[in-house]
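Let's walk through this model together, starting with the ligand and the open space, then moving on to the enclosed gaps and a few odd spots in the backbone. Keep the viewer open as you read.

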Amino acid sequence: MSKVTISSLQKMKDEHKRFGTITAYDAAFASLFDSCGVPALLVGDSLGMVMQGRESTIGVTIEDMAYHTACVARSVKNSLVIADMSFMTYDTPEKACLNAAKLMEAGASVVKIEGGDWLAPVVERLLHNGVPVCAHIGLTPQFVNVFGGYKIQGRGEENAKRLLDAALALEAAGACLLVAECVPADLGTLLARSLKIPVIGIGAGNGTDGQILVMHDAFGITPGHTPKFARNFLAETGDMRKAVELYLSEVESGAFPNHQQSFS
Ligand code: KIV
């Protein structure tokens with residue numbers, strides 16, 4: 001595999017090739033995933049739960065994100081490194097630029113931000129300063145206190161339209177990727193068909209262009225509650241490398257996620 005860029009992911013979408021991506025937080029796992037040919041790794045602020053034992057992503061700092069991004073970026077040869085901007089670090093375009101710089105300096109190639117159409121000016125400013133942006137809509141974990149828990153988003157015609165409009169606005173502002181989390185499968189498919197940029201789903205059915213899984217969900221070692229859309233690929237294979245390869249091939253064939261691992 002050669003070095004993956006946002007153009008490589010766009011090409012996969014244009015050629016209707018589904019792709020799997022996974023989170024990574026440290027050198028050892030990043031190196032394993034990279035050598036298995038995972039096209040993109042997300043240094044997710046889910047590290048708040050899986051690495052730091054927190055109940056949510058709210059307490060994760062941009063310094064935490066930069067530290068883990070550097071650990072991942074140093075050991076990756078080909079995978080594209082996407083890093084999450086942490087809670088309240090991108091509420092203005094100016095703050096977003098200052099904080100995105102920390103992640104880019106740590107080795108990220110794309111930053112991810114959570115929220116809707118109100119983030120369009122942030123996306124534009126980052127792009128104008130050389131920072132590609134992955135937008136994240138649906139069940140955006142940084143909004144857990146606004147949502148009143150981890151609840152499926154985009155159910156019903158009006159809510160689905162609001163998310164579709166947000167996705168289109170973020171794409172128009174220059175986002176190069178979109179993550180859709182915990183939305184009904186038909187909305188996941190609609191987003192992928194309506195947007196030109198790759199749409200990566202998690203709990204969004206198998207009609208999206210790509211999938212992302214928290215690595216702990218793929219290995220069956222999630223602390224606390226395991227989400228409905230997770231699948232323990234390690235239990236099925238008994239080997240970490242084979243588990244990652246199985247995950248990639250099941251995404252590529254459309255076998256993962258199946259109906260039970262999706263929301264209707
Ligand atoms: O932080 C994270 O791991 C994420 C994924 C769940 C998409 O944002």
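What follows is a tour of the ligand, the pocket, the cavities and some single residues.

First, the ground rules: this is a predicted model, so local features need pLDDT of at least 70 and side-chain atom pairs count only at pLDDT 80 or more, while totals for chains, interfaces and linings use all residues. Residues are numbered from 1 along each chain as its sequence is written, and side-chain values use heavy atoms, with hydrogens and water left out.

Start with the ligand. Around it sit T23, L42, G44, D45, S46, D84, K112, H136, E181, I202 and V214, where being near means having a heavy atom within 4 Å of the molecule. Look at the polar contacts next (pairs of N or O atoms within 3.5 Å; within protein, one must be able to donate a hydrogen and the other to accept it, and residues adjacent in sequence count only if both atoms are side-chain atoms). S46 puts a polar side-chain atom 2.5 Å from a ligand oxygen, K112 does so at 2.8 Å, and for D45 the distance from a side-chain N or O atom to a ligand oxygen is 3.1 Å.

Now for the open space. The largest pocket has a volume of about 740 Å³. Lining it are 34 residues, and M49, E181, V214, P227 and F229 are the closest to its centre. Pockets and cavities are found on a 1 Å grid over the protein atoms alone: a cavity is a set of points where a 1.4 Å probe fits but cannot get out, a pocket is an open set with protein on both sides within 12 Å along at least five of seven lines, and lining residues have an atom within 4 Å of a point. Grid points are joined across faces, edges and corners, and the volume is the space filled by probe spheres set on them.

Helix 3 (47-50), strand 4 (110-114), strand 6 (177-181) and strand 8 (210-213) each give the pocket lining at least two residues. Helices (H or I, at least four residues) and strands (E, at least two) are DSSP runs, numbered from the N terminus.

What about enclosed space? There are two cavities of 30 Å³ or more. The largest cavity, at about 50 Å³, is lined by T21, L42, I82, K112, C134, V179, I200 and I212. The second largest cavity comes in at about 30 Å³, and its lining is I202, G203, Q211, I212, L213, F229, F256 and P257. Strand 8 provides the largest share of that second lining, with three residues. While you're there, check the peptide bond from F256 to P257: it is cis, with omega near 0°.

Two threonines are worth a click. T69, in helix 4 (62-75), is buried because its relative accessible area is 0%, and buried means under 20%, exposed over 50% and partly exposed in between (1.4 Å probe, protein chains only). Beyond four places in sequence, T69 touches V43, V81, A83, L103, A106, G107 and A108, contact being heavy atoms within 4.5 Å. T57, in the loop between helix 3 and helix 4, counts as buried too, at 1% relative accessibility. Outside its neighbours within four places, T57 contacts D45, S46, M49, P141 and Q142.

Finally, the backbone. H16 is not a glycine, yet has a positive phi of about 55°; H16 sits in the loop between helix 1 (6-14) and strand 1 (19-23) and is exposed at 74%.
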